[in-house]
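Trainee: Could you take one part of this model and walk me through it closely? I'd like to hear how the pieces around it fit together.

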Amino acid sequence: MDAHYAEPLDVDQLAAVAGCSRYHFMHEFSAAYGESPKAYLTRRRIERAQDLLRAVNLTVTEICLLVGFTSLGTFSRRFTELTGRSPTEYRKAFRRTGVPAIPGCYLMMNTRPVPDPAHSDKPGERRGD
């Protein structure tokens, strides 16, 4: 969940990866982490959004989508519930410290997937079987 927090994950998928039933997974996860898998995933997404709001110059909507939310309203509501501030208020409070934000284009450029030459369609380049 930590590595794939931005992907659409559901309990059935997670239980299948863990090799157990949905009920057993939810029970054991809650016992180990003290919260449901959904609450844990939401908290991790909000923590990542906090990092992005402090560090990069992307819109709140862009950050919402980058961390795995599909609804800006849900993202803003959950962010406010967990942090006590809206995403915009959170960003403004941090920006007052004077730390410059990283331009969003640099973040997007450095997080873009690297092409695999084994799967290239360009003539003369190696192609995997």
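Mentor: Let's look at the first helix, then at the largest pocket and a few buried residues elsewhere in the chain. Keep in mind that this is a predicted model.

Some orientation before the close look. The protein chain has seven helices and two strands, and along the sequence they run α-α-α-β-α-α-α-β-α. Of its 129 residues, 26% are buried. If you take contacts between residues at least 6 apart in sequence, 52% of them join residues at least 24 apart.

Now for α1, which spans residues 11–18; its buried residues are Val11, Leu14 and Ala15. They sit on the same side of α1, because the arc they cover around the axis is only 100°. As a reminder, residues three or four places apart in an α-helix point the same way, so the spacing is worth keeping in mind. Turn to the other side of α1 and you find Ala16 and Val17, both exposed. As for what lies over the buried residues of α1, the cover includes α2 (22–33) and α3 (37–55).

The ends of α1 are worth a glance too. Aspartate 10 caps the N-terminal end, with a side-chain oxygen 3.2 Å from the backbone nitrogen of aspartate 12. After α1 comes glycine 19, and its phi is positive, near 75°.

α1 also turns up in the largest pocket, so to speak: α1, α3 and α5 (72–83) each supply at least two residues of that lining. The pocket's volume is about 350 Å³. It is lined by 18 residues, and Lys38, Leu41, Thr42, Arg45 and Phe69 are the closest to its centre. The largest share of the lining, five residues, belongs to α3. Sorted by class, the lining holds seven nonpolar, five polar and six charged residues.

Arg45 leads us on to glycine 68, as Arg45 is one of the residues that glycine 68 touches; leaving out residues up to four places away in sequence, the others are Tyr5 and Ala6. Glycine 68 sits in the loop between α4 (60–66) and α5, and it counts as buried at 15% relative accessibility. Between glycine 68 and alanine 49 there are 9.7 Å in space, C-alpha to C-alpha, and they are 19 residues apart in sequence.

Back on α3, have a look at glutamine 50, which is found in that helix. Glutamine 50 has a relative accessibility of 18%, so it counts as buried, given that the cut-off for buried is under 20%. Beyond residues up to four places away in sequence, it touches Phe79, Thr83 and Tyr90.

Phe79 brings us to proline 87, since Phe79 is among the residues that proline 87 touches, together with Leu53, Val60, Phe75, Ser76 and Thr80, again not counting residues up to four places away in sequence. Proline 87 lies in helix α6 (residues 87–95) and is buried, with a relative accessible area of 2%. Its C-alpha is 6.8 Å from that of valine 60, although the two are 27 residues apart in sequence.

Note on methods. Residues are numbered from 1 along each chain as its sequence is written. This is a predicted model: local features need pLDDT of at least 70, side-chain atom pairs count only at pLDDT 80 or more; totals for chains, interfaces and linings use all residues. Side-chain values use heavy atoms; hydrogens and water are left out. Buried means under 20% relative accessible area, exposed over 50%, partly exposed in between (1.4 Å probe, protein chains only). Helices (H or I, at least four residues) and strands (E, at least two) are DSSP runs, numbered from the N terminus. The arc is that of the directions from the helix axis to the C-beta atoms. Contact means heavy atoms within 4.5 Å. A polar contact is a pair of N or O atoms within 3.5 Å; within protein, one must be able to donate a hydrogen and the other to accept it, and residues adjacent in sequence count only if both atoms are side-chain atoms. On a 1 Å grid over the protein atoms alone, a cavity is a set of points where a 1.4 Å probe fits but cannot get out, and a pocket is an open set with protein on both sides within 12 Å along at least five of seven lines; lining residues have an atom within 4 Å of a point. Grid points are joined across faces, edges and corners, and a volume is the space filled by probe spheres set on the points. Ala, Val, Leu, Ile, Met, Phe, Trp, Tyr, Cys and Pro count as nonpolar, Asp, Glu, Lys and Arg as charged, and the others, Gly among them, as polar.
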